[in-house]
Amino acid sequence: FTSGIQNRDYYPNRPVHYGVKVDARISKVIPTRQVTGLLSKEASKTKLSLWSRDEEITGSDKIKACVPYLLPLLDGELFGKYIYERVPPLGFLDSLFIGPLYDFYSQVPLLGLVLFLVLTLGTRGNTEMNRAVRFNAQQAALIDVLLVFPELIGSAFEGEDIPRYLVEPCMNFVWYTYMAMVLYSIYTNLRGRKPDQIPWISGYAELMVGPF
């Protein structure tokens, strides 16, 4: 230690290493642990920006990004039963746009499963497709998966005489929830932006698409 002090006195411009890192340009001593922490934070920011970059959606990709949301719209059709009864204009719009598609969808066996596999497996590794379009396909499939749980609960009580004042608010809640996610996604896509602000769902959709 004494020799180190003496060497520093005789050579004032020579940096002395006592577990610290010296920046000779600004004559400032920076602890090595602090430097390592700063580098780790910068690496984390770089990795995060790689996964959450904001892809722009242009041209026909805007429509392609909206098409996958037909699957949750069709699978969630029955949950809007009471809402369409109480709000006739919504019922009219539903019968005009979704109704004919739902009639065809419900008559073809396993069509829902085929569409789900197309959205998940068919788009995941297709790097020739716009990444934002693939993201929307995965997100629409995840929204559709969420509809499975209330359907299972409803099938468990099938045949039971449950009062309407209990069934109606539950079905309305499911309809409002998935419809809000679908409308948000479609609106954001048409504006040319990626709809990645749905809690939990968007994060998992990013992971399923991957960095490419």
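In the predicted model, the crossing of helices H8 and H11 is right-handed. H8 spans residues 131-146 and H11 spans residues 201-209, and their axes come within 8 Å of each other at a crossing angle of roughly 125 degrees. The two helices are therefore oblique to each other, since an angle counts as oblique when it falls outside the ranges for roughly parallel (under 35 degrees), roughly antiparallel (over 145) and roughly perpendicular (65 to 115). On the H8 side, the contact is made by Arg131, Arg134, Phe135, Gln138, Gln139, Leu142, Ile143 and Leu146. On the H11 side, the residues are Ile201, Ser202, Tyr204, Ala205, Glu206, Met208 and Val209. By class, the residues of the contact between H8 and H11 comprise nine nonpolar, three polar and three charged.

Two of the H8 residues in this contact, Arg134 and Gln138, were examined individually. Arg134, in helix H8, has a relative accessible area of 2% and is therefore buried. With residues up to four places away in sequence left aside, Arg134 touches Thr123, Arg124, Asn126, Thr127, Met129, Val209 and Phe212. Of these, Val209 belongs to the H11 side of the contact described above. The C-alpha atom of Arg134 is 9.4 Å from that of Lys64, a residue 70 positions away along the chain.

Gln138 is likewise located in helix H8. The relative accessible area of Gln138 is 0%, so this residue is buried. Outside a window of four places in sequence, Gln138 touches Leu119, Thr120, Thr123, Arg124, Ala205, Met208 and Val209. Ala205, Met208 and Val209 are also listed among the H11 residues that H8 meets. Thr123 and Arg124, touched by Gln138, are among the residues touched by Arg134, as is Val209.

H8 also packs against helix H9, which covers residues 148-156. The axes of H8 and H9 come within 4 Å and cross at roughly 20 degrees. H8 is therefore roughly parallel to H9, the angle being under the limit of 35 degrees. The contact joins Asp144, Val145 and Leu146 of H8 to Val148, Phe149 and Pro150 of H9. In terms of class, the contact of H8 with H9 contains five nonpolar residues, no polar residues and one charged residue. Leu146 of H8 takes part in this contact and is also listed in the contact with H11.

Aromatic packing was considered next. The structure holds two aromatic pairs. In one of them, Tyr84 and Trp175 are arranged edge-to-face, with 6.0 Å between ring centres and 90 degrees between the planes. Tyr84 lies in helix H5 (residues 81-86) and Trp175 in helix H10 (residues 164-190), so this pair ties together parts of the chain that are 91 residues apart in sequence. Both residues of the pair have low accessibility values: Tyr84 is buried at a relative accessible area of 16%, and Trp175 is buried at 8%, the limit for this class being under 20%. The other pair is formed by Trp175 and Tyr176, whose ring centres are 5.4 Å apart and whose planes stand at 75 degrees, so this pair is edge-to-face as well. Tyr84, Trp175 and Tyr176 together form one aromatic cluster.

Positive phi values were found at two residues that are not glycine, Leu110 and Trp200. Leu110 has a phi of about 60 degrees and is placed in the loop between helix H6 (88-107) and helix H7 (111-124). With 62% relative accessibility, Leu110 counts as exposed. Trp200 has a phi near 70 degrees and lies in the loop between H10 and H11. Its relative accessible area is 71%, so Trp200 is exposed.

At the level of the whole chain, there are 11 helices and two strands. Their order from the N terminus is α-β-β-α-α-α-α-α-α-α-α-α-α. The chain has 212 residues, of which 33% are buried. Among contacts with a sequence separation of 6 or more, 73% are between residues 24 or more positions apart.

Note on methods: Residues numbered from 1 in each chain as written. Predicted model: local features only at pLDDT ≥ 70, side-chain atom pairs only at ≥ 80, totals over all residues. Heavy atoms only, no water. Axes fitted to C-alpha atoms, helices over the stretch in contact; angles between N-to-C directions. Left-handed = near helix turned anticlockwise from the far one by under 90°. Contact = heavy atoms within 4.5 Å. Nonpolar A, V, L, I, M, F, W, Y, C, P; charged D, E, K, R; others polar. Phe/Tyr/Trp six-rings, centres within 6.5 Å; stacked < 30°, edge-to-face > 60°. Buried < 20%, exposed > 50% of the residue type's maximum accessible area, 1.4 Å probe, protein only.
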